[in-house]
Each structure stands twice: as structure tokens, then as C-alpha cells.
Amino acid sequence: MDLLLQLLATGIVVGSLYALCAVGWGLIYGTTLHFHVAHGAVFTLAAYYAYVAQHLLGLPLWVAVLAAIVAAAVSGLLIDLLIYQPLERRGAVRTVVFIASLGLLIVIENILAIVFTADPKPIEVGALKSSLRLGPVYLTWLHALTVAIAIVGFAALVLFLRWSRWGHAIRAVSSAPEMARTVGISLNRVHLLTYALGSAITAPAGILVAMDVGAEPYRGTRFVLLASVAVIMGGIGSLPGALLGGLFLGLLENLGVWKIPSEWQAAISFGVFLLFIVVKPRGLFGRRVASADL
Amino acid sequence: MSAYIAHYLVMVGVYGILAISLNLLVGYSGIFSMAHAAVYGIGAYASAIVALNLGMGFWGGLVVAGATGALASALIAIPSLRVAGDYYIVASFGLQTVIVTVFSEWTSLTNGHAGLPGIPRPNLAGWQIDTPFEYVGLAVVLTAFTYLVCRRITHSAFGRVLQAIRDDEIAAQAMGRNVVRVKIVVAIVSSALGALGGSLYAHYITYVNPSSFQLHESIFIMSLVILGGSERLAGPLVGAFILLAIPEALKFLAIPDSVAAPMRQIFYGALLVAFMFLRPEGILGREKAKVKS
Amino acid sequence: MTPLLSLRDLSKSFGGIQAVRGCSFDVAPGLITGLIGPNGAGKTTVFNMITGFLSPDTGSIRFRGEELRGLAPHQIERRGVARTFQHLRLWQKMTVLENVIVGCRTPLGENVLALFLRAGAVAAEEAVAREHAMQVLEFFGLADRAGELAESLAYPEQKLLSMARIYASPAEVLLLDEPTSGLDSEWLRRLVPIVRRLTESGKTVLLIEHNMELVAELSDEVVFLHQGEVISRGKPAEITGDPALNEIYFGV
């Protein structure tokens, strides 16, 4: 029983990380319809930005983290500005944008691998690594912070989308881009903002993981894949769905360890994904997947 | 024929089969797969396993490879293509991950990370394929076969429907075509053929292990398609000729392996991005995105 | 005459806007029925529902007594109801002939196994389809453009091609979405007789028409749709001569 609770707790922590990635990726995908695999590179970059800020620039931890989040947001924005938007201006279809995104992910990851080598680069968090005990469950304060950030970050994003003018613009573009354009909303600007926001909410995940086990160049690929699975299961266009999807995957992975060797975790998640799309292709809260433009 | 050049040609054949079959899927049907390395590996392992454990000959191994590749592909294509192309991307990403896990962890079947050595050389009704020259001949035959099969498919009524789907999928549906079924068929054929490349590889190198079939290999195969050009069926073969020559050329520069491997990846990744700007034809179908600023 | 195509109580709303409500009418076989009404009357929405691109909120669509509602678009075409699109949706990078051949049925040529195991039969089927497609092109006056890419055709010719494409199919009911829009009077003079002749081989036509004057020339029967409802139907002269309907059509 204790083991189960421990796995549940770890599952929630990991699920929070996946949730942050899923919400960010899902926001971008739902608004721009770009299959932005390079989001994994932004996730990874955030960790290295924090590492560089702390170790090379000597900034205090929280300044470093904040700077890293901002830098990650800018990075995501630049990817849209310098790669995706120019491609679309040339009439690129979505497969073209995807291939460019994939290429970008590969390039960035491997540049980081050369610059920083594949060895994990640590981010010193001092007291955060001290243990936190909740009954039979052993965690660290860092883990608790992870869950807190996921909740707060998600809430902040939802509030922003609901109450701010730019938030409304994003939602308009997300549900009816043509209509949004006729009302005078600049799709380009909204896309840039979406990329910045989506990157900003995922960046903490990359940083938190690096705080726990060090920054690694190739980690982002796995996270962005899981993010896309979470978004599909939660329903495209639904941020709560993405959150729940991420949490579910985290729980699945960790509870799965109870009976199944950890190497097979990914296989289990993927198998569940396939079953899910057979049974509920729209996901939990999804709107229509493809809208025929007649 | 120098053994060196023969080796190059055989590998061009292997990758030619992989890239031509991937092109059928990506270039001709607009469906993107991240799992072609997994398919490659399925063909290699299936072929190796039946040869080592059941004593099956080369042709039998080919058939098993093709069938296993087809089956694995059907498993992800049927549920995901029913919904949307993006679901297939995710599903293929997942398949790639799972298959590598199978190769690495299902040790009773695949011997895990140690791999399967001692795969017998092909014996075609008494004719033992031994010399590099003979392997080149076999590679040529299999590559030609793959090309001709793809050609037959694309230059037919089926190919016409494929083009119609690429140009305007809604109109294809309105003209009575079951677009989902067509895409599933293409995915299955593409994987069956790709698996043949794995079979050729396994019997040539006579050893397979999981490291040859990772995600970065899928990226490499994709680069062959992009570089060689996806508008022509044989374009990727040209890509194979070019890109396989490069590592050899790079060997003259003394770069440590820890840097060389990421550098190669950067090159392939940059190639993908660059070509999306410079030559998106073939991948570029009818403009489906409704939003352009 | 038993109606070939029968719509009962169709309705559809989009986020609060009722596009179609209680729409019911029959389409008699072998005739041209015109669907007319002011902009936004819901005509294309009705087409989209018949052909499975939109699912109705309520109602039924029966073709030869069989319910079409819930079927996918490709299944509906196979059952015998084909449509053109307002935006044409031709396959621009394919030739004129290829666009039409896709209208024909080539089940063997589209079966991957048959391509390799029954090559002879596949070739024979292709020859028959080609022949049929050429005949259709001649009917539409496009035979001399057969080898050209669809995108190289002028707009009026593209409109003809989109009709040729569905005419080549075995579909009995042809839904034409605004076949005359965007055409000048010279092209209209050429097009109207062709549309009239579509029923020669026994096909049935339901067309959306904008122009009250043209609808009289084109149709045997007219259905008037306004704000999503059928408010009148009858012979063209009755409809176009009705002052109340004219007021709705041309009015505010």
C-alpha cells in the first residue's frame, strides 16, 4: 500500500511535468495547427538557459530561472517568427512546417550536445532538494514545487485567456481563424504571442527536471511526444484536457512500474494511446478534429 | 570491384529501398511517418530471427519481413488514419519508440542490446551470395523490385486517386473515394517494402542490434527523401547516393566521434529545414491551411 | 411519381444561428429541380447535409428509400448522389481527362493486389474508363483540352469540367452548386443547354441557382428556400411570377 501511495505521488509529480508540456504544446497546436515538435527543443533550451544563467553568469537561482523562462518564451516566438511564418508566406502546407520543425528540433538538440556534451548539467537548488515526507510518501520540496507550479501556471494561463484582451484574441483565432481575421485580429501577432505563452508555460518543466537530474540535450524529444499524446487524449483545443492528459500519462507510467519493468513504460503509454483513439478519437474534451472547409 | 565501392553500393541499395518506400508514403500520399527506422529494424530482425531459429532461407525471410512490417504498420495506421494525419505522426512516433524497446528488452526473442550475430548469407537455390559483387547484384535486384512496385502503384488508377487526395482530399471523398482506406493501404505497402531493406541489411552485415534502428535513423531516411526530391519516385535513391558518400568523405577530417555523431545529425536536421525553404515541391500539395496572414 | 430523393424536416444550426429549419421537399426522377432563394437561405447547407459533409440536427434524407443520414460522403456518392462545389475543387495539377476519369469507376485499378495479379483486366478496365471519359468530355465540349492541366483552363471551362467529373460517374442524382455563377452571358448561352441535356441519359438534377430568371430556363421544378425554410415549390413560372416571393428575393 505504501508503495502504491509512493508511486501515486511520483506519478502526480511526473504528471505535472507532462501537464506543463502538454498545456504549452496544446495551446500552440490548438491555435496555429502547427505540429510543433521543436517545442521539445524549447523545453531543453529552458534548462540550459537556467544552467548558463546560474553557472556562467552567476545569477541567483530565482533570477536565473526567471531569465530562463523569458529566454525560452523568446526562443519559441523566434521559431515561429523566423521559420514557420516565412514558410507559410511561401504557401507551405502543414507537412512542410512539421518537417522544418523536426529538423529544427534535431539541430538544436545536437548543437546543445556538442556545446554542453551529453553529460547532465546541474542546476543548484540547495534546500529544495531536502526531503519532504507526507505520511508514508517520500518526496523532495522540489517535487512539491513542481506540482504547485503546474497548478499555478495552468490557472494563470486560463485566467489570462479568459480575462485579457489578448487572451480573447487567442481563443478567437483558436476556434475560428478566418472569422478572427475579418474582425481585424492580426493572426501573425496572435501566433507569436501563443508561441511565447506556450513556451513560457513549458519552460518551467524543463528547468524543474534539470533541477532534479541535470540538463540533458536529448530529453525534449520524449517530452514533446508525450505532450502530443496527452493533448490528443485530452482533446485538441482543450487546455484542461491537456492538463489531465499529462497527469494521466504521469500516473500511468509510475503506477505501471508497480507491475511492469520500467523500460516498457513508454510502450504501455503508447498502447493506451492507441486504444484511446480507437474508442474516443476526439479525446476527452475535444472539439471536431478536422473541419471541412466547404 | 573494390570491396569498398561494393559496400557503398549495397548500402545505397538498402537505403534506396528504405527511402523509396518512405517516399510513397510521405511524398505521394502526404502522410508523415517517424517510424521508418522501426520498419527497417522489423524487417532486419524478422528476417534474422527466422533464419537463425527456423533455418528459413533468404526468400522466405523476405516474405516474413514484409509481412511483419505490414502488420506493424497496420496496427498503427488503422486507428490513427481513421482520425487525422497528425494522429498518425504521433502513432508512428510511438511505434518507433516501442519497437526499439522490443529490440532492446525482449531479450528472449531479440537478444537485447547484444544483438543477433551470425545471420547466414543468402542462399538462392544453391547460389551462395558471398562476394561483395554478388551482394551488389542482390541489392540492385531488390532496389529495382521496390522501385517497380512503387511505380506500378503510382502509375495506375490507384496512383491517380493518391494524387487527387493530395491535391484536394474533400473532392476525392465527394467523388466516392474512401480516403482513409487508401491511406491505410499506402502505409501498409510502404512498410512492407521498407522491411525488405532491413532484410537485405541483416543478411549483408550478418549482424543486427538495436542501435541501428533508432529515431535518428528515421530522420536520416527522411533526409534522403528530402534531399533526393520526393516528386520523382527514384529521387530518394539519388539522395542515398549523395548522403552515403558524405560520412566517408568526412572520415578524412579527424573529428572525435562524440562530436561527429551530433554533427551529422545537425547536418541532416539543417538539410530538412533548408529544403523546406528551398525545395518544398513534392511535399507541397494543395494548400490546406486555411489561415495565411 | 415516387420521389428519388426525399428530404424531411431537415434542420441545422451553427452556434445559435438556425441555417436550415424544417426543410422538406422531394426531387422527382429524371427532372431538373432548382433550389433558389436569397443569400444565406441555407441552400449550400442543404447540399452539404445531403452529401454527408455536414450532419443534420434533425430530419431524414432518403434516396431510393434508403436513409443517407449518417453515411460518409464517399459512401453517399457510391450510393448514387454526387455533387459539385461552389469553389469547384478541381484537381488542378491533374489533366482534364484525369479529372474526369476519377469520376468513372475503376475498382480493379484501385486495388493494389489486382494491379499485380490481374494486370490484363486492369488494363482493359482503364481503357473502358478512358473511352467513357472522352465521351463525357465531348458532351461538354472539352475533348480538345483533354491533355491539359485543369489549372490551365479558363474559369467557365473549369465549371464545365467540374460538372463533367460527376456526370462521368454512375451517380443518378447530380447536385450542382451554383453552376451558372461567375459566367458571362455568352458562356451562359453555352452552358444552359448542356445542363438541360444532363437528364437525357436518365439522370436527375438538383441545382442551386441564384438568378431568378435563369432558374426558369434551367429547371422543371423550383423549390424556394428562405431563412432555412421551404416556403414554396412548383413550376418555375409560378415561382418567378409570384410577387411575394420576388419581394423576398429582391427585398431587404
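**Notebook: chains A, B and C**

I began in chain A, where L33(A) sits in the loop that runs between α1 (2–32) and α2 (39–56). I am working from a predicted model, and I keep that in mind for every value below. I looked up the backbone of L33(A) and found a phi near 60°, which is a positive value in a residue other than glycine. I then asked myself whether L33(A) is buried or partly exposed. Its C-beta has 18 neighbours inside 10 Å, and because 20 or more would be needed for a buried residue, L33(A) counts as partly exposed.

I turned to chain C for a second positive phi, and noted R89(C), a residue other than glycine whose phi is near 55°. R89(C) also belongs to a loop, the one between β6 and α3 of chain C. I counted 21 other C-beta atoms within 10 Å of R89(C), so I entered this residue as buried.

**Chain C as a whole**

I listed the secondary structure of chain C as 10 helices and 10 strands. The radius of gyration came out at 19 Å, close to the 18 Å that the globule rule gives for 252 residues, so I recorded chain C as being as compact as a globular protein of that length. I also took the extent of the C-alpha trace of chain C along its principal axes, which is about 60 × 40 × 35 Å. Of the 252 residues in chain C, buried ones make up 46%. For contacts in chain C between residues at least 6 apart in sequence, I found that 66% join residues at least 24 apart.

**Helix α6 of chain C**

I checked the length of α6(C), which covers residues 155–167, against what its residue count predicts. At 1.5 Å a residue its 13 residues should span 18 Å, and since the end C-alpha atoms are 18 Å apart, the two values agree. I next asked how many of the 13 residues of α6(C) are buried. The count is 10, so I describe the helix as mostly covered, taking 20 or more other C-beta atoms within 10 Å as the cut-off. Among the buried residues I wrote down Q158(C), K159(C), R165(C) and Y167(C), along with L160(C), L161(C) and M163(C). What do the buried residues of α6(C) pack against? I found β6 (81–83), α3, α5 (119–139) and β7 (173–177) of chain C as their partners.

**Chain B**

For chain B the secondary structure comes to 12 helices and 4 strands. Its radius of gyration is 19 Å, close to the 19 Å from the globule rule for 293 residues, so I noted chain B as being as compact as a globular protein of that length. The C-alpha trace of chain B spans about 55 × 45 × 35 Å along its principal axes. I found that 58% of the 293 residues of chain B count as buried. Among contacts in chain B with a separation of 6 or more, residues 24 or more positions apart account for 78%.

**Where chain C touches chain B**

I finished with the contacts between these two chains, in which 24 residues of chain C meet 21 residues of chain B. On the chain C side, α2 (73–79), α3 (96–101) and α4 (112–117) each supply at least two residues, and the largest share, 4 residues, comes from α2(C). I sorted the chain C residues of this side by type and obtained 8 nonpolar, 7 polar and 9 charged.

Technical notes: Residues numbered from 1 in each chain as written. Chains lettered and ligands numbered in written order. Predicted model: local features only at pLDDT ≥ 70, side-chain atom pairs only at ≥ 80, totals over all residues. Contact = placed C-beta atoms within 7 Å. Nonpolar A, V, L, I, M, F, W, Y, C, P; charged D, E, K, R; others polar. Rg over C-alpha atoms; globule rule 2.2 N^0.38 Å. Buried ≥ 20, exposed ≤ 12 C-beta atoms within 10 Å, placed from the backbone. Expected span 1.5 Å × (residues − 1).
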